[in-house]
Amino acid sequence: MSFVQTYRKPKVFGFTVLGALVLGALAGWLGKGTWLAPVLAKIGSTFTALLQLTVIPLVFTAIVVGIASLRNLGGGRTAARLGGKTFLWFAITSFIAVLIGIAVASILKPGNGLQIEPAAGAVDKLAKRASGSWQALLDNLVPTNIFSAFTEGDVLQVVFIAVLVGFAAYALGDKAAPFTNLVRSFFEIIQKVVGWIILLAPIGIFGLIGNAVASYGNSFVKPLFSLILAVYLGSALVLFVVYPVLLKFVGKTSPVEFFRKAGTALQFAFVSRSSGATLPLSRKAATDLGVPNEYANFAVPLGTTTKMDGCAAVYPAVATIFIANLFGIQLSVWQYVAIVLVAVFGALATAGTTGWYTMLTLTLSVVGLPPQVIATGVAVVYAIDPILDMMRTATNVAGQITVPVVVARTEGLIEEPAAPAEKDLVNA
């Protein structure tokens, strides 16, 4: 067996990724402040750029093919039921995640008694940035030009277009077969390219984690450690308790098997801080866990843009309570209810590049905190955002894989995956 064939085996590749994490962290620690730091940053950013290059075409083709292929899973009623269950489980897990975020922040009380004054320039800069709002979400949902959504990389608009096109192709059936076959061929081509890029993951992760350690390794400033602890603890409870319980008792899937097959995706999500860039790995993890391609192509890309328990549930809850504590503001019961409602119904606001910022400012606005408090508070948490974003993104991606597994199991769609010896990372 050749080196390349051996390298492609999931177990070998997984150990290689773990080794890259360790070596990258060591390189970042040793290279801090030297010529090595920018080299690590360039390696990581190049790999992320390669994956980001595939995100828009992969999201569009996967959703179109996924919706059109739902016909193979039982027709219109089955398709509607799958879509409804997917969104229902998105909402249920978001509800659980935001309650955990509120509970952790209420117990740890991050921000209590702190006196932190961010730089005036940072406050002014963030105050001028567009905040999250329901109006902005609706305004940005429908593109004015179908091509601009693709050229400008607006993921939410691309999802909107893909859903419309996919359901149109589904409704037309055989009449749309030539178009569907063309999109499916393009989807297969993108998958093949993604498979080649994924083989470079150990190199990319080496650079990403090395750059993270070199840039932020000593940034765990004492005044903000309570916020870091609360976000990591809340996210860890969702990632390592809530999802395994759902997988075990609803998805009838071993949590150990889940983390074994989703491990590479979660590791990459942690170091890359991008659900979009992790999409190819997330989709592969879902299919490796037995989710049919037809449903995985629909649910995982959709989850990548709308299912973010880390960024849209745990983090806004913790950060909102932190900012309120920082300014000595006592939140009422109804303000806590508002945090929950925004987390459950506002996940669409995190789609695209604005992510955590949109969701946090939307939550702070709905809660009713004064504009100056919002601007100052966001400036404080922004200083350590890269550290927080690692755990948030890993939690996001875990949820984007968990929900399709749970829904597929409850619908009787789980297929037994092929034995590891019969597949590799490119041809899986």
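The accessible surface of the protein amounts to about 18,400 Å², and 67% of that area belongs to carbon and sulfur atoms. The model is a predicted one, and the description below follows it from the overall fold to the core, the surface and the charged pairs. The protein has 19 helices and zero strands. Of its 428 residues, 55% count as buried. Among contacts with a separation of 6 or more, 84% are between residues 24 or more positions apart.

The interior is a good place to start. The largest nonpolar core holds 117 residues, and the members that touch the most others are Tyr-295 and Ile-401. Helix 3, spanning residues 36-69, gives the most to this core, contributing twelve residues. A second, separate core has six residues, among them Cys-311, Ala-312, Val-342 and Leu-362. Returning to Ile-401, its contacts outside its neighbours within four places in sequence are with Phe-258, Ala-262, Ala-265, Ser-282, Ala-285, Ala-286 and Leu-289.

Helix 19 (residues 385-410) also contains Asn-396. Asn-396 is buried, because its relative accessible area is 2%, and the cut-off for that class is under 20%. The side chain of Asn-396 reaches the backbone nitrogen of Asp-309 at a distance of 3.4 Å. When residues up to four places away in sequence are not counted, Asn-396 touches Ser-275, Lys-307, Met-308, Asp-309, Gly-310 and Cys-311. Two of these partners are themselves paired: Asp-309 and Lys-307 form a salt bridge, with their closest N and O atoms 2.7 Å apart. Both Asp-309 and Lys-307 are buried. Cys-311, another residue touched by Asn-396, is one of the members of the second core.

The structure holds seven salt bridges. One of them joins the side chains of Arg-81 and Glu-411, at 3.0 Å from N to O. This pair links distant parts of the chain, as Arg-81 lies in helix 4 and Glu-411 in the segment after helix 19, 330 residues apart. The two partners fall into separate exposure classes. Arg-81 counts as partly exposed because its relative accessibility is 39%, whereas Glu-411 has a relative accessible area of 18% and is therefore buried. Another salt bridge is found between Asp-389 and Arg-392, whose closest N and O atoms are 2.8 Å apart. Asp-389 and Arg-392 both belong to helix 19 and are three residues apart, about one turn of the helix. Both of these residues are buried. Beyond single pairs, salt bridges that share partners join Arg-81, Lys-85 and Glu-411 into one network.

Turning to the outside of the protein, a nonpolar surface patch of about 920 Å² deserves a look. Its residues are Ile-107, Leu-108, Phe-225, Leu-229, Leu-233, Leu-237, Phe-240, Val-241, Val-245 and Phe-249. Helix 4 (76-108) and helix 11 (225-249) each supply at least two residues of the patch. Helix 11 gives the most, with eight residues. Leu-233 is found in helix 11, and this leucine counts as partly exposed because its relative accessibility is 36%. Helix 4 thus appears in two settings: it supplies residues to the nonpolar patch, and it carries Arg-81 of the salt bridge to Glu-411.

Backbone geometry adds a final point of interest. Most residues other than glycine have a negative phi. Lys-109, in contrast, has a positive phi, near 50 degrees. Lys-109 sits in the loop between helix 4 and helix 5 (120-127). With a relative accessible area of 45%, Lys-109 is partly exposed. Lys-252 also has a positive phi, of about 50 degrees, although it is not a glycine. The loop between helix 11 and helix 12 (255-272) is where Lys-252 is placed. Lys-252 is classed as exposed because its relative accessible area is 54%, the cut-off for that class being over 50%.

Key: Residues are numbered from 1 along each chain as its sequence is written. This is a predicted model: local features need pLDDT of at least 70, side-chain atom pairs count only at pLDDT 80 or more; totals for chains, interfaces and linings use all residues. Side-chain values use heavy atoms; hydrogens and water are left out. A nonpolar core is a set of buried Ala, Val, Leu, Ile, Met, Phe, Trp, Tyr and Cys residues joined through side-chain atoms within 4.5 Å. Buried means under 20% relative accessible area, exposed over 50%, partly exposed in between (1.4 Å probe, protein chains only). Helices (H or I, at least four residues) and strands (E, at least two) are DSSP runs, numbered from the N terminus. Contact means heavy atoms within 4.5 Å. Patches are made of residues with over 30% relative accessible area and no salt bridge: like charges are joined within 9 Å, nonpolar side chains (Val, Leu, Ile, Met, Phe, Trp, Tyr) within 5 Å. Accessible areas come from the Shrake-Rupley method with a 1.4 Å probe; for residues, only the protein chains shown count as cover. A salt bridge is a side-chain nitrogen of Lys or Arg within 4 Å of a carboxyl oxygen of Asp or Glu. A polar contact is a pair of N or O atoms within 3.5 Å; within protein, one must be able to donate a hydrogen and the other to accept it, and residues adjacent in sequence count only if both atoms are side-chain atoms.
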